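Please find below my notes on the model you sent. They are set out as numbered points, to be read alongside the sequence and the coordinates.

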Amino acid sequence: MENVDRILAAYGITPASVQAISSRLLKVQTHQAAFALKRSSLHPERLDRWLMVVQGKHNFYREGVPPVYQTLQESFYVIDEGEVYYLMPWLERHRTDEPDHPYEMMFTTLGKIHASTSKRYPIDYEAYSLAITKQKEKLQQDRDELLAIVERFESQTYMGAVPLLVCTQYKDIEHVSAMLDKWYDHYDADLKEDPEMEHSVLHGNLRPSHVQDGSPLHLLNWEKTKLGNPSLDLAGYYQEEWRFVDSNVINPPYYMHTYEEHRQMKKNEESLLMLHLLHPGRYLKQVRQYVDAPQKADAPAVVMELTQTHRQLAQALNAQAYFQDLRDQETQEEEDA
């Protein structure tokens, strides 16, 4: 960032040293303090939601969000050469996307954030039910497509590493699709019984590298924040965790008890969470990309991507079994009563 001095001048800061951490992040050291200067991916025309977070509007839970400093002109950002920059305190980080941080604290913080911004609104059940039917039809088309691809691979005299992996994983992906179809039915029934949804401020890109340990714990990088159902944040985080063999979020109750100490999930949200987790769209997209141009594909990279996506879906199968057991127990208790 060649324009660093100009940007920092807007904050009245003269740096003693500047260290490039990445192409978008600089560590700025003065004689008194250290700062993080971020060249964001925010478009100048789409700042409103991000500002809602950093300004703490709508009773937003502030403890989990690091402060963003204001310029001398009391703005939370600087636009320079068409790009948005913002300044934060420097928080020492030793985090990669490989998970190892205290999960209970993270899920507690996330639950408080979602709870502080949660609003309920009624839905048009008939419209939702129609959309669910269309999604089930699309799911069946995808299942048929994947089966056709597998049959084509199996007809080859010699299968390369990618076709062999896809054929080996097919049974699991088909099981995932069957369970997804079942959870679409659950979602439809849940919405019919309770035609309300909740929206909260979402982080939008929650992953281990965006969680900063400490007291308090901070969730970093709110540039993709949006309004939506909290199940999106939860699903996104689980999927990022489940990419790795050594994830510690693979056993029930998946720290949901910690989250729900601060925000209780509705039944239709649990089914929506399962829909996000079980959807094999990413897997099918990876297979399609290979099928469309097998000669250009980097086979080891494709194998790694498919293996990670398969691992995510395998963990999703375990999660749905746990939540299905909870439903079955609840139904049994109601019948006994």
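1. Aromatic cluster. In this predicted model, ring pairs connect Y103, F107, Y237, Y238, W242, Y254, Y255, Y322 and F323 into a cluster. The search over the whole structure returns 12 aromatic pairs. Two pairs that belong to the cluster are taken up in the next points.

2. Y103 and Y255. The ring centres of Y103 and Y255 are 5.2 Å apart and the planes meet at 35 degrees, so this pair is classed as tilted. Y103 belongs to helix α3 (residues 103–116), while Y255 sits in the loop between α6 (231–241) and α7; the pair therefore ties together parts that are 152 residues apart in sequence. Y103 has a relative accessible area of 6% and is buried.

3. Y254 and Y322. This aromatic pair is edge-to-face, with 6.0 Å from centre to centre and 70 degrees between the planes. Distant parts of the chain are linked here too: Y254 is in the loop between α6 and α7, and Y322 is in helix α10, 68 residues apart. The partners differ in exposure: Y254 is buried at a relative accessible area of 3%, whereas Y322, at 23%, counts as partly exposed.

4. Main nonpolar core. Which residues touch the most other members of the largest nonpolar core? They are W50, M106, V166, L219, L234, Y238 and L278, out of 77 residues in that core. Helix α5 gives the most to this core, contributing 13 residues. Y238 thus appears both in this list and in the aromatic cluster of point 1. As background, nonpolar side chains in soluble globular proteins tend to be buried together.

5. Contacts of L278. Leaving aside residues up to four places away in sequence, L278 touches V176, M179, L180, W183, L313, A316, L317 and Q320. L278 lies in α8 (267–278), and α5 covers 161–193. Helix α10 spans residues 299–336.

6. Second core. There is also a separate core of 12 residues, whose members include V4, V28, V78 and L87.

7. Sheet. Five strands form an open sheet in the order β1-β2-β3-β5-β4, with antiparallel pairing. Its edge strands, β1 (17–20) and β4 (78–80), each pair on one side only. From one strand to the next the twist averages 30 degrees. Strands β2 (residues 25–29) and β3 (residues 34–39) run antiparallel and are joined by five bridges; one residue pair to inspect there is Q29 with its bridge partner A34 in β3. Among the members of the second core, V28 and V78 are listed; V28 falls within β2 and V78 within β4.

8. Salt bridges overall. The whole structure holds 19 salt bridges. In general, side chains of opposite charge can pair when their charged atoms come close. Three cases follow, each joining separate parts of the chain.

9. E198 and R120. The closest N and O atoms of this salt bridge are 2.8 Å apart. E198 is in strand β7 (residues 196–202) and R120 in strand β6 (residues 119–122), so the bridge ties together parts 78 residues apart in sequence. How does the exposure of the two partners compare, buried or exposed? E198 counts as buried because its relative accessibility is 5%, while R120 counts as exposed at 52%.

10. D194 and K266. Here the closest N and O atoms are 2.3 Å apart. D194 is in the loop between α5 and β7, and K266 is in the loop between α7 (256–260) and α8, 72 residues apart. D194 is partly exposed at 26% relative accessibility, and K266 is buried at 7%.

11. K267 and E330. Their side chains meet in a salt bridge with an N to O distance of 3.8 Å. K267 belongs to helix α8 and E330 to helix α10, so parts 63 residues apart in sequence are tied together. Both partners are partly exposed, K267 with a relative accessible area of 32% and E330 with 35%.

12. Charged network. Salt bridges that share partners join R120, E196, E198, R263 and E269 into one network. The bridge between E198 and R120 from point 9 involves two of these residues.

Conventions
Residues numbered from 1 in each chain as written. Predicted model: local features only at pLDDT ≥ 70, side-chain atom pairs only at ≥ 80, totals over all residues. Heavy atoms only, no water. Salt bridge = Lys/Arg side-chain N within 4 Å of Asp/Glu carboxyl O. Helix = DSSP H or I, 4+ residues; strand = E, 2+ residues; numbered from the N terminus. Buried < 20%, exposed > 50% of the residue type's maximum accessible area, 1.4 Å probe, protein only. Core = buried A, V, L, I, M, F, W, Y, C linked by side-chain atoms within 4.5 Å. Contact = heavy atoms within 4.5 Å. Pairing = 2+ DSSP bridges. Axes fitted to C-alpha atoms, helices over the stretch in contact; angles between N-to-C directions. Phe/Tyr/Trp six-rings, centres within 6.5 Å; stacked < 30°, edge-to-face > 60°.
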